[in-house]
Amino acid sequence: MRLRGSDIVISIIAGVLLGAIVHLAIILRIPAVARADAFSRYVALGANGEAQLIPHDGKRTSGIGDDPAVARGVCAWDLHDGPVRIVMPSSGLVQTLSIHDRNGRVIYSLSDRAAVRGAVTLAIMTAAQQEERRLTQPDDAEDDAIEVVSSTGRGLAVIRAVTASPAWRERAARAILGVTCTPED
Amino acid sequence: MRLIVMTFITLLVAALTGFGSAWLALREQPPTGAVQLGQWRAWPSTGGPAIDPYARAIIQRSGALQLGTGEGVELVADLDSDGHPLSGSCVYEMSGPTPEARIWTLTATSTGGKALDEPPSSLTSEGLLRGPGGALAVAISAAPSPGAWLRIPSGGPFRLTLRLYDSPTGFTTRPHVADQVTPVIQRRGCS
C-alpha cells in the first residue's frame with residue numbers, strides 16, 4: 001500500500017498536536033523532577049535553627065534573584081514536628097524575608113518594614129496545624145507572629161540584606177546569621 | 001505498513017516540536033507573563049504563589065531563588081531607548097524618574113543573566129552622586145566616567161537589571177503596573 005500526500009499531512013498535524021501536549025507536560029513536570037532546584041541545594045542549611053549564608057552564583061542562576069549587592073541567607077524548614085517560627089531582627093539595613101515552598105513558589109514575603117518590636121516574626125504551619133493552634137491558643141495570647149500557611153511540609157526561608165556599599169558586607173552577613181528558624185513549642 | 005509509517009511520522013514530529021519548543025521556552029526568560037515598562041520588562045507573577053508555569057520551570061531548573069512580591073521587583077532591559085541592543089562598545093546614560101523604592105540596585109550582566117566579571121558590575125541607589133536638582137544620571141560605559149558610573153566590559157552585548165527593594169505594591173499588581181515610571185537608557189555614542 002502506498003503512502004498518500006494526505007496521509008503525511010494528517011501525520012504531521014497529529015504530530016504537532018501531540019507535540020503541544022509533550023510541551024505542556026515538560027513545562028509542568030520540570031519543577032517536580034528538577035534536581036538542581038534551590039530546595040535540593042539548600043535543604044541542609046539552617047538545621048541548627050540559624051540561617052546560613054549562601055554564595056552568589058552568577059554563573060548558574062541566570063541572575064534571577066541573585067543581586068551582587070545583596071547578601072542572602074537560607075534556613076530550610078520542616079513542619080513535620082509542628083510549626084516553625086522565623087525571627088528576623090532588624091539591623092538598620094534594608095532586609096527582606098521570603099518563604100518558598102517545596103515547589104518553588106513564594107508563599108509569603110515581606111520586608112523589615114513590617115517589624116514589630118524590632119523583629120519580623122513568622123510562624124509557618126500547615127492548614128491542620130493552624131486549625132489546632134486556633135483551638136488550643138487562648139484568645140488573648142500575645143503573639144507578634146504572622147501566620148503563614150504552607151501546602152507543602154517543607155521549604156526554605158530566604159533572607160536578603162542589601163549592602164549599599166562593600167563596607168557593609170560584614171554587617172549584612174551578621175544580620176543574616178542573626179535570623180533564627182526554630183520549631184514552635 | 002501505511003499505519004506504521006504514519007505513526008512514525010507523528011511521533012517524530014511530536015518529539016521534535018514538543019522538546020524543541022520546551023527547550024526554546026525555558027532557555028532564557030519566561031515567554032509569558034511579562035509586563036513592558038518603557039525599556040524594562042518585569043514578570044509580576046513570579047514573586048507570588050500564582051507564579052507563571054514557565055517562570056517556575058526556569059527557576060526550578062536553574063536553582064534560583066526569586067524575589068518575593070513583598071521584597072521587591074526585578075526589571076530587565078536588553079535594549080536602549082532607540083530599540084538597539086545594549087552593547088559594551090557604546091556609552092549609555094540612564095536618567096529620568098528615580099524608581100520608587102527604599103533602595104535599588106543596578107547590575108550589568110551577560111544577556112543570559114550571568115555575571116560578566118569579578119567584581120560584578122553593580123551600583124546601588126545609596127550614596128549615588130546626583131546631578132543638579134537631584135536628577136538621576138548614571139553613566140554606563142567601559143571607560144570610567146565622573147559622577148555615578150556603572151562599569152561594563154568593552155565590546156559584546158549586555159543586560160541591565162534594576163532591582164527595586166521594598167517597592168510600592170503598584171509594581172506587582174496588574175492594574176497599576178503600567179502606571180509605574182522607569183528610568184530611560186539613552187545611547188550617547190559608540191566607538
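How many aromatic pairs does the structure hold over all chains? The structure holds one, and it is shown in the second view below. This is a predicted model, in which local features need pLDDT of at least 70 and side-chain atom pairs count only at pLDDT 80 or more, whereas totals for chains, interfaces and linings use all residues. Residues are numbered from 1 along each chain as its sequence is written, chains are lettered from A in the order in which they are written, and side-chain values use heavy atoms, with hydrogens and water left out.

**View 1. Strand β4 of chain B and its two antiparallel partners.** Strand β4 (residues 90-96) of chain B pairs with strand β10 (residues 184-190) of chain B over six bridges, and five bridges join β4(B) to strand β7 (residues 136-141) of chain B. Strands are DSSP runs of E of at least two residues, helices are runs of H or I of at least four, and both are numbered from the N terminus; two strands pair if DSSP finds at least two bridges between them. B:S95 has B:V184 as its bridge partner in β10(B), while B:G96 has B:L136 in β7(B).

**View 2. The aromatic pair of B:Y92 and B:F158.** The two rings are edge-to-face, at 5.9 Å centre to centre and with 75 degrees between the planes. Rings of Phe, Tyr and Trp (its six-membered ring) pair if their centres lie within 6.5 Å, and planes under 30 degrees apart count as stacked, over 60 as edge-to-face and the rest as tilted. Because B:Y92 lies in strand β4 of chain B and B:F158 in the loop between β8 (149-151) and β9 (159-165) of chain B, the pair ties together parts that are 66 residues apart in sequence. B:Y92 is buried, with a relative accessible area of 1%, and B:F158 is buried as well, at 2%; buried means under 20% relative accessible area, exposed over 50% and partly exposed in between, with a 1.4 Å probe and protein chains only.

**View 3. Positive phi at A:R117 and B:D166.** Most residues other than glycine have a negative phi. A:R117, however, has a positive phi of about 50 degrees, and phi of B:D166 is near 55 degrees. A:R117 is found in the loop between β5 (106-111) and β6 (119-125) of chain A and is exposed, with a relative accessible area of 66%, whereas B:D166, in the loop between β9 and α3 (174-177) of chain B, counts as buried at 7% relative accessibility.
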